[in-house]
Structures are given as C-alpha cells and as structure tokens.
Protein chains: 2
Amino acid sequence: MNLGQLACSTGEWLRGIGPESDIVISSRIRLARNLADFPFIRRCTDIDKANIENIVRERVIKTQGLESIFYVDVADLESLDRQFLVERQLISREHAESKGARAVAIGTQENFSVMINEEDHLRVQVMKSGLDLQAAWTQINQIDDQLEQKISYAFQPDFGYLTACPTNVGTGMRVSVMLHLPALVQSRQIEKVFRSLQKISLAVRGLYGEGSQAMGDFYQISNQITLGKSEEELIKQVGDIVPVLITYERKARDFLVKESQADLFDQVRRAYGTLQNAQKISSEETMQLLSKVRMGVNLGLIKDVEISVLNKLFIDTQPAHLQIIRGEPLDTASRNIERAHYLQSHLNSKKKDGDTEKN
Amino acid sequence: MNLGQLACSTGEWLRGIGPESDIVISSRIRLARNLADFPFIRRCTDIDKANIENIVRERVIKTQGLESIFYVDVADLESLDRQFLVERQLISREHAESKGARAVAIGTQENFSVMINEEDHLRVQVMKSGLDLQAAWTQINQIDDQLEQKISYAFQPDFGYLTACPTNVGTGMRVSVMLHLPALVQSRQIEKVFRSLQKISLAVRGLYGEGSQAMGDFYQISNQITLGKSEEELIKQVGDIVPVLITYERKARDFLVKESQADLFDQVRRAYGTLQNAQKISSEETMQLLSKVRMGVNLGLIKDVEISVLNKLFIDTQPAHLQIIRGEPLDTASRNIERAHYLQSHLNSKKKDGDTEKN
C-alpha cells in the first residue's frame, strides 16, 4: 500500500454512516503514551528518537489485532506526502513539521493510527464515523491493552500515565467529536454556544485541531482536562454534550427552513451550481460551498448527491490530496483548476451523460 | 391575438439569426410623422388625440401590407400590460406613461410597430434580427409610402417632415443598432469607444433607449442628427460604424480568450451554473449573468444552449413579461422566485431528464 492507494480509498470515518451522521462527522479518541526507559521527546537525542521508533515499530507490528497496518516512515516522506497525511487526519501538523525519526502506523481501514515520536512517544487514535464514542473506546482500549503487554509505559500510580505536556497527564486521553454546524454559524449562535462549552472545560477547535481555523463550518469538541477523571467520565463528559449540540444545530436548521426556506434553498442550490460549474476554485471557497451543499442534502433540498461523496470531496479537494491524486506537484493556480475539474467529475455525472447522449 | 399569446411567441428580432448576430442583436429604423391637420401632441386637446387615434387606426388597418397587424389601445391597457409592451420594445416608455388616446399597431411577426400619439402622431418602426439595416429600410420605406397615400403628413419642402422635437425634423428618421458588447465592457474599453462615437454625432443608449441604463452589456447606437442628410446617408453613417464596433468587440473577445481563457471560462460557467440553480434572482443579476453566458456561447465555451433561447430569456425574465407569462400579478419577491424557476425550466432540460430517469 502506498499513499496514492490511500488517496483512492475512503477512510472509515468519512463514510457518512453511523449515528447522527448528518451532523456528527466522526468520533475520535486518542491516548498519549510514553516509554518508561526514555526521556520525553523534547529531551531526546536523535539516537533516542531512532531507538524509540525502532522499538515501537517492532512491537506495533507484532501486536495482535494490529496486523493489518500500513507503516509509514514520516521522516523519510516528502513534505507533500506529510501534508497529505495531515489533511487525512492521520498525523498532526506538529508531527508533520517536527524533526528526527518518527513514523505512523495506519490501520488499512483508516479507523486507527499510531503516531510515533509526536509530542509523546506514542499517540494512539481511533476514529469512527458518526457519533460512536463507545465503539471508539472499546477499540482503543483493546489496542492500548495489547500494546501495554509489549511496551513498558511511563506510569505512576498517583498520577496515571506521564506525558510530555502536563495537560495530558493521567488518562492521556482526548475524546473529540467533529461536528458540522452550518446553521449555528449562519444564524450567528455559534460563538455563544462555544462560550458555554468553554465554561464546562470543553475545547473547540477547527478541522485540523489546535490552532487551526474552523473551515467549512466543521468544529471539533474535545475535553481539556485529562487528570482526576476516569476514561469513562471523560467520554461521558463529551458524549453528554454532543446530543445537546446536535439539538441546537437541528433547531437552527428548522428555524432557517421555517423562516427563510426560499433564501436557504437559493443559497444551497447556488453553492451546488458553482461547485458544478467553476473552472477554478480555491480550497477555502470549496469548503464554504461544500458545507452549504452538505446541509442542503441533509435537509432534503438536494437529492442527487450522497453525503459520503461530499465528505470525501472535503478531504480530496485539499491541496496535498489534489496533487497526490493527480500524481504530480501543482502550484496554487494549477491546483485551483484541478480542484474545479475534480469537483465537476464527482458532481456532474448526470450532466456528462446528457452531453454524451447528445454528441 | 392578445398579449399573453404575444408573450409566448418570439419576435422576429429575437431569433438570433441574421448577419453578425453574435454581436448585433437587432437593426431598427423608426420614422416620426405628424398629421398635417392637427397640432403637435403637446398642444393637442383630448379630443384632438382621440380624433388622431381614430383616423390613423382606420388608415393603418386599411393599408396594404399592414393587414396582418395586432392593434392595441394603449390607453385602455393596465399598467402591467403597457410595461410588457415596453419590455418587448414595441412601445416606448414615454408612450406607456403618457395620457390620453393612444395606440400601437404591431405586426404579428413583431417586425414592425406603429405607435400612435407618442411624442409625434405616428412613430413607425421596423426591427430586423442581426445587422440588416438595408432590409429594415426597404420595409419601412414601403410602409411609409403606403401610409402616405392615405394620410396627409406635416411636410415642408425646405425642412422635410415636421416633428414635435426639432432634433427629428427632416427625415424624422432614427437608425439604431442594438449591440452586445460584453468584452469591451469587461476590458474597460467601452467608455473610450463611446466618447469616439459621440464625436461623430452618434448616440449611445441602453436597452430601453433614451435615459435607460445599459443592462446586460447591451447598447443601442443611433444617429443624433436627422436634418440635412438623406435617409440613405443616415443609414450609411450608422451602418459604416457598426462593423468597426464589431471588430473592436471581436478583438476584445480574442484578447480575453488569449490572455485569460481560464478566467473567462470560469466566469462564464459560474454564471451559467448560477442561472441554472438560483432559486430567486433579480432582473439585474439575471441580465448580467445571461450576458456572460451569451458571450460564452458565442466563444464556444458553452455548447448546450442556443443564442435564440438566451435572447428570449433576456426579454422573458423582465418583470412584466414574467407576470404576463405566469398570468397573475407578482410582487418583487415573488418575481425573483418565478424568474429563477423560469430560467431553470429553460436552461436545465437535460438535468431534469436525468432526474426523471432516476426517480
């Protein structure tokens, strides 16, 4: 398996299935773990990092249940390939941009990945389509147990797992849910909702985690505290708030439909028309328009495109994806043209059939 | 025949045929004439106007070659119907808005009309699709000769035909050509071109003549002087400049294609996509977008719509047309929705077929 093949497949979490998948894109849990016998990454020498990578690779490959993985030496990758993995949410930006020996083991269904030598020695993450934190927890707990049989982790009974950053000490767990909230954005309620979440110690981030801007009306909600609570409590904290946010978004959508259906339908169809017809288009405009169309499909205003297709387009139209799919590097102007063609070929199948019949 | 039937037909000059019809929409000639036995309209009593209307109607109906006419008592029309005739360029705004007995005789092919009691007692006009001033002149000259056998016109050998406004004295003739000049507008050369035309005493006006704004990149070029020149000279003056303007516009289009084909194709396709998908759209936006699409079709960038369809949409999407076609009065918001639906039903036939197949 190579990155090109990965680009052609659809990650588990992009399938647009799973509970509440009209609003919840994916559920993720990640665990931060460190080897007991090495210093934290920040204090590692290059040799330490190489040793950690070697040890973890060997153990990960041999771990039961992780046989079907795609192991990628991130340090060896071109910048474009690293960016591709970031866009696919399989590694973090920090992991892509750091130095020294580092790697990622990816489940071939893309339902989990293990980053090696990110901020911590190991960052294990599991992704599920829709709202399904319980399934994510069951799977990551199994993987964690399997790895722990082979790897000696830095752990103190008083604190729990030790991590490079104090905010992760304890469970080392971050529970996050990616939500599509276009109606809350459009009705300008989103800021208020986020202020409320911060008061109960939940973090709100954009599509690519910490420091990234919210694009396409996608938001990640996750726990900020990992210490002093059990894994189940952390999952419950996030899991309990998501249905509330779903209700808010649904109410905002209902309100838009009720108060200004004509406006909404107009916006949604214009967005769809532009995506089907533009001959060059930026990544940002694409995200904005796809977001409107996604809401339109979920509200039954657009019937001839599947949510899974839109979810895939959100990922595939990003800069590195476009270049990997095309198989050659492209500058910004060429990407904007390639992106427009890619969108057309995935959204215009009927029109093309019509043309063929005529010609 | 009634106005609704007229709305369903396509006027001769909208057919999108005739020489240079990618740029020249239509060629028009109008003659201003007044009855010798009545004062000019401005000084007419209501009874004078009624008498003029009576006399002219009777003569017009009996005139050889004018048998196939549709005679409309404009004073009797609702405001909406008058606006409809203005949009269709069969009467002037002034004629629609003035008071007292007045009428219009319309050739059933809409290739000529005779306004009665406009600024002058008679305003005869002939319209041809594309650039064909000679054919327009042959036809209007015949009509004028026929009418003159039955009507005694105000004429002085020194001046020629006498008219209410001194600018029309002499031939009483205005020769005008409607041009579609989107590339000259887009490349910002249009102002320069117009200043040159004014220097040689040609007037430039928008779609609805005097005082109207240029919408959809349509411009009427016509003579300003009617005195001291023969009809043939006036036709030659306008007829000679039109090929120059056509060449300018073609060069501007070639330049756009050469220098920024991707930009141009993008703009044209986006415009087409918006017209096919908008759920509500103003008259102004419609004109702008149709103008881009019309240029796109002429440059071969859009292949699945005929120029004649676009020409008809320019007319049919105007406020009064929409209401006459729909058969009921509509406020602005309702018109914007109706306009969007009308555009879709005329531009989306393939997509609709696709949907039908699927459902």
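This briefing describes the overall build of chain A and then one helix of chain B. The model is predicted. Chain A contains 13 helices and 10 strands, and 56% of its 359 residues count as buried.

**Overall form of chain A**
- The radius of gyration of chain A is 21 Å, which agrees with the value near 21 Å that a compact globule of 359 residues would have.
- The C-alpha trace of chain A spans about 65 × 45 × 30 Å along its principal axes.
- Among contacts in chain A with a separation of 6 or more, 70% come from residues 24 or more positions apart.

**Surface and charge of chain A**
- The exposed area of chain A is about 15500 Å², and carbon and sulfur atoms supply 48% of that area.
- Chain A carries 44 positive and 48 negative charges, and the mean positions of the two sets are 4 Å apart.

**Helix α7 of chain B**
- Helix α7 of chain B covers residues 190-199, and its buried residues include B:I190, B:V193, B:F194 and B:L197.
- These four residues lie on the same side of α7(B), because they cover an arc of only 95 degrees around the axis.
- The exposed residues B:E191, B:K192 and B:K199 sit on the face of α7(B) turned away from its buried side.

**Surroundings of α7(B)**
- The cover over the buried residues of α7(B) includes two helices of chain B, α6 (182-186) and α8 (231-277).
- Strands β9 (202-205) and β10 (218-223) of chain B are also among the elements covering those residues.
- Just after α7(B), B:S201 adopts a positive phi of about 60 degrees.

Definitions and conventions
Residues numbered from 1 in each chain as written. Chains lettered and ligands numbered in written order. Predicted model: local features only at pLDDT ≥ 70, side-chain atom pairs only at ≥ 80, totals over all residues. Heavy atoms only, no water. Rg over C-alpha atoms; globule rule 2.2 N^0.38 Å. Buried < 20%, exposed > 50% of the residue type's maximum accessible area, 1.4 Å probe, protein only. Contact = heavy atoms within 4.5 Å. Areas by Shrake-Rupley, 256 points an atom, 1.4 Å probe, with all protein chains shown as cover. Lys, Arg positive; Asp, Glu negative; His and termini not counted. Charge placed at Lys NZ, Arg CZ, Asp CG, Glu CD. Arc of directions from axis to C-beta.
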